[in-house]
Amino acid sequence: MSDTEALARLAEDRVDHRFKGLPPDADGLTVAELTAQRRNLFTDGFTTPVLALSAERLDHNLRLMETYAARHGLAFAPHGKTTMAPQLFHRQIEHGAWGITLAVPHQVRVARAYGIERIFLANELVDPAALRWIAGELASDADFRFVCYIDSVRGVELMDAALQGTTRPLDVVVELAAGEGARTGARTEAECAAVADAVAATGTLRLVGVVGYEGEVPRANPERVHAWLRRLVALTAEFDKAGRFAGAGLDEIVISAGGSAWFDAVADVFAEIPELSLPVLKLLRSGAYVSHDDGHYRKVTPFNRVPEEGALEPAFRLWTQIVSRPSPEQAFANAGKRDAAYDLDLPFPQVVRRDNAERPATGVEVTALSDQHAWLRTAPEADLEVGDWLGLGLSHPCTSFDKWQLIPVAEADGTVVEYIRTFF
């Protein structure tokens, strides 16, 4: 089945009780039929709470990162674990992405089900069942490109054992840790070399490059992040000088880094990569840019440091309704932990809608979340009544998408033009 056919199947799914916030009278329609109705988010039967994406801001963010990567000579494999939305994966690829980064085998299965041909697994992989399944995908599809991390000799042994008898070697990149106490990765260059030697001794694995994640640099600041990225580049050059990429039939050497907080540093340092024996695929993996946010990533985005490069726009808004106003100082809305990201920041009240008119949510603050309620503190200037719709900005896209299986994409006037399906 082609990726076009697979995506078309999503539009054939029936709207029903599985999907939060959608109009009850749409039950039984296909997603395609509901989309064709171009319903209005605010006046055509959507129920609160409902999470929506801005069509205009989504498009802006996709275009901005496409332009940024091209300007800096970077290939781009945005991290798909942010959205787990095949429709967005394909839009990212249409906007120049080399492929999609993922983190665990289930995510790879989702991407493959919807025709993604290049997958960069930003994690170690030692599960025999998953490795055998991926080997089967490689054997059955000559166009499928898959790369994953390795950071230990023991991991090499486990992968080699699971892959005995496979027809295509599995491509791996050695992960250099971002420092002592960081997350995964071999801690020293010597350990990285030992892992590379172990890979070379197998017939099932092929070393294609070096990788790391600068977001784990301890006490990260521009100086420390740049210094660690230069270690990553130096390790790649040392591996190349030692002939570790020779004789494996490679067309290119892969070097990859780049979360959503320091991709400007990655662009700076990767521009310094010396000429190597093969062309270099400089692979950036930032994922949160698609929706951006109103909290954590608004504060840490590199575009704050390089405003001349442009600015991402928060594309999410969670619409909830005021259901209780027990005192002048307090109100409750009907969205809580089941609906809103809260691991980095509580939601941010932005706008109030009443009688189809919208105004700033002045004097309203979210102080806590229960499972299905937002606790609101209201100042004297807050104009808030039971029945009002309250639009909340969210922090951390990765824990926003995962709470919603079908997300309406609305234009500025509220017209819903698309529905994004997620798979978590």
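Which residue stands opposite Val351 in β16? Gly391 does. The model is predicted. This briefing covers an open sheet of 8 strands, the strands around β12, the aromatic pairs, two arginines set over rings and one cavity.

**The open sheet**

- The strand order is β2-β9-β8-β7-β6-β5-β4-β3, and the pairing is parallel.
- Two strands form the edges: β2 (75-76) and β3 (100-102). Each of these edge strands pairs on one side only.
- β2 runs parallel to strand β9 (residues 280-284), with 2 bridges between them.
- Within this part of the sheet, Phe76 faces Leu284 in β9 as its opposite residue.
- Strands of a sheet are held to one another by backbone hydrogen bonds, in a parallel or an antiparallel sense.

**Strand β12 and its partners**

- Strand β12 spans residues 348-354. Of its 7 residues, 5 are buried, so the strand is largely enclosed by the rest of the structure.
- β12 is antiparallel to strand β16 (residues 389-393), and 5 bridges join the two. Val351 and Gly391 stand opposite each other in this pairing.
- β12 also pairs with strand β13 (residues 357-360), again in the antiparallel sense, over 4 bridges. Here Arg353 is opposite Glu358 in β13.
- β12 and β13 form a hairpin with 2 residues between the strands. Asp355 in this hairpin takes a positive phi near 55 degrees.

**Aromatic pairs**

- The structure holds 13 aromatic pairs.
- One of them joins Tyr68 and Phe303. The ring centres are 5.6 Å apart and the planes stand at 80 degrees, so the pair is edge-to-face.
- That pair links distant parts of the chain, 235 residues apart. Tyr68 belongs to helix α3 (residues 55-71), while Phe303 is in the loop between α11 (296-300) and β10 (316-327).
- Both partners are buried: Tyr68 has a relative accessible area of 2%, and Phe303 has one of 3%.
- Phe76 and Tyr289 form a tilted pair, with 5.3 Å from centre to centre and 50 degrees between the planes.
- This second pair also bridges distant parts of the chain, at 213 residues apart. Phe76 is in strand β2, and Tyr289 is in the loop between β9 and α11.
- Phe76 counts as buried because its relative accessibility is 4%, below the 20% cut-off. Tyr289 is buried too, at 4% relative accessibility.
- Phe42, Trp319 and Trp389 are linked by ring pairs into a cluster.

**Arginines over rings**

- Arg353 lies over the face of Phe42, 3.7 Å from the ring centre. Phe42 is part of the cluster with Trp319 and Trp389, and Arg353 is the residue opposite Glu358 in β13.
- Arg244 places its charged end over the ring of Phe239, 5.0 Å from the ring's centre.

**The cavity**

- How many cavities of 30 Å³ or more does a search of the whole structure find? The search finds 1.
- The volume of the largest cavity is about 30 Å³.
- Its lining consists of Ser260, Phe263, Ala288, Tyr289, His292, Tyr297, Thr301 and Leu312.
- By class, the lining residues are 5 nonpolar and 3 polar, with no charged residue.
- Tyr289 ties two topics together: this residue lines the largest cavity and also pairs with Phe76.

How values were computed. Residues are numbered from 1 along each chain as its sequence is written. This is a predicted model: local features need pLDDT of at least 70, side-chain atom pairs count only at pLDDT 80 or more; totals for chains, interfaces and linings use all residues. Side-chain values use heavy atoms; hydrogens and water are left out. On a 1 Å grid over the protein atoms alone, a cavity is a set of points where a 1.4 Å probe fits but cannot get out, and a pocket is an open set with protein on both sides within 12 Å along at least five of seven lines; lining residues have an atom within 4 Å of a point. Grid points are joined across faces, edges and corners, and a volume is the space filled by probe spheres set on the points. Ala, Val, Leu, Ile, Met, Phe, Trp, Tyr, Cys and Pro count as nonpolar, Asp, Glu, Lys and Arg as charged, and the others, Gly among them, as polar. Two strands pair if DSSP finds at least two bridges between them. Rings of Phe, Tyr and Trp (its six-membered ring) pair if their centres lie within 6.5 Å; planes under 30 degrees apart count as stacked, over 60 as edge-to-face and the rest as tilted. Buried means under 20% relative accessible area, exposed over 50%, partly exposed in between (1.4 Å probe, protein chains only). A charge sits over a ring if NZ of Lys or CZ of Arg is within 6 Å of the ring centre and within 35 degrees of the ring normal.
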